[in-house]
Amino acid sequence: MGRFPYVEMRRKSLASPLLKGLQLGVLIVLALVILLPLLWLVSTSLKGPAEEIFTSPPALLPAEPSLMAYWRLFADNPLGIYLLNSTVVSSLAVVANLLFCSLAAYPLARMRFAGRGLVLALVVATILIPFQVVMIPLYLLMVQLGLRNSLMALVIPQAATAFGLYLLRQSFLTVPVELEEAARIDGCSRLGEWWNVMIPAARADLITLAMFVFIGTWSDFLWPLVILDDPSLYTLPLGLQQLASSFSLDWRIVAAGSVVSILPVLALFILLQRFILPSSSGDAVKG
């Protein structure tokens with residue numbers, strides 16, 4: 001009977017490496033499934049002009065690597081304008097979202113007033129409404145404001161989101177009340193508490209929200225297609241659609257444009273991923 005604990009420990013020690021190996025194998029397979037389309041996209045953009053794209057079986061590596069598709073992409077198309085427009089719109093949407101959502105989330109998290117729960121419920125309920133339902137009223141509103149065919153018409157619908165408000169409200173609820181009391185003793189107003197306590201404490205969630213808003217705005221296609229007519233105001237998704245609808249369709253150029261559209265988002269994630277960590281409460285008071 002005294003040997004049973006040893007046998008049980010032995011079984012666990014043998015099962016642990018096997019389980020870890022199985023988990024690693026599953027993760028590798030999932031990573032390959034996810035990365036394979038991206039690798040094929042990059043490979044297509046690097047194939048030479050004389051190289052066949054659609055072969056059986058598909059060739060993952062280009063036989064004659066060439067950057068001709070990228071050169072033609074920028075030489076024959078105003079891709080720089082599309083990139084600039086997308087950057088401006090996405091950056092303004094991120095700044096507006098962080099500002100308005102955090103300002104609205106603070107009273108919903110900390111202040112007591114009649115109807116607070118109802119206001120939060122109504123705001124969160126708007127997440128269930130598809131954009132196609134509000135697209136026509138939003139279009140008419142932009143026309144009445146004189147913003148049709150302008151970049152601001154792309155920024156305003158993204159200036160505040162129910163998801164961002166709810167995310168920051170939940171983040172603010174985790175901040176210890178003692179930090180606010182200490183800031184109040186130091187003479188901070190409500191706005192000062194929001195800026196000096198809440199914003200530093202919610203850094204990880206703010207960065208997460210910024211990434212979601214940037215990616216969503218950067219890849220948005222439907223709303224720019226509806227509200228914009230001027231090609232000089234086109235964002236990158238609309239510009240890539242122009243490539244795919246041209247009479248002389250070259251899938252190498254389309255693939256190159258898709259790779260270029262992915263790179264800023266990938267670079268943003270690589271730069272910000274180390275900041276997506278729970279912020280310590282000690283960082284919440286500045287100055």
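This is a short talk on a pocket, an aromatic pair and a threonine in one structure.

Please keep in mind that the model is predicted.

I will start with the largest pocket. Its volume is about 700 Å³. The lining is made up of 22 residues, and those nearest the centre are Phe131, Pro157, Gln158, Ala160 and Thr161. Four elements, α5, α7 (162-173), α10 and α11, each give two or more residues to that lining. Which of the elements gives the most? That is α10, with five residues. By residue type, the lining of the largest pocket has 16 nonpolar, five polar and one charged.

Now to Phe131, which I named among the residues nearest the centre of the pocket. The count of aromatic pairs in the model is five. In one pair, the rings of Phe131 and Trp223 have centres 5.7 Å apart and planes at 85°; since over 60 degrees counts as edge-to-face, so does this pair. The two residues are 92 apart in the chain, with Phe131 in helix α5 (residues 131-144) and Trp223 in helix α11 (residues 222-227).

Are these two residues buried or exposed? Trp223 is buried, because its relative accessibility is 2% and the cut-off is under 20%. Phe131 is at 30% and therefore counts as partly exposed.

Last, Thr217. This residue sits in helix α10 (residues 203-218). Its relative accessibility is 9%, so Thr217 counts as buried. What does Thr217 contact, apart from neighbours within four places in sequence? The contacts are Val89, Ser90, Ala93 and Gln158. Gln158 also came up earlier, as one of the residues nearest the centre of the largest pocket.

Methods. Residues are numbered from 1 along each chain as its sequence is written. This is a predicted model: local features need pLDDT of at least 70, side-chain atom pairs count only at pLDDT 80 or more; totals for chains, interfaces and linings use all residues. Side-chain values use heavy atoms; hydrogens and water are left out. Buried means under 20% relative accessible area, exposed over 50%, partly exposed in between (1.4 Å probe, protein chains only). Contact means heavy atoms within 4.5 Å. Rings of Phe, Tyr and Trp (its six-membered ring) pair if their centres lie within 6.5 Å; planes under 30 degrees apart count as stacked, over 60 as edge-to-face and the rest as tilted. On a 1 Å grid over the protein atoms alone, a cavity is a set of points where a 1.4 Å probe fits but cannot get out, and a pocket is an open set with protein on both sides within 12 Å along at least five of seven lines; lining residues have an atom within 4 Å of a point. Grid points are joined across faces, edges and corners, and a volume is the space filled by probe spheres set on the points. Ala, Val, Leu, Ile, Met, Phe, Trp, Tyr, Cys and Pro count as nonpolar, Asp, Glu, Lys and Arg as charged, and the others, Gly among them, as polar.
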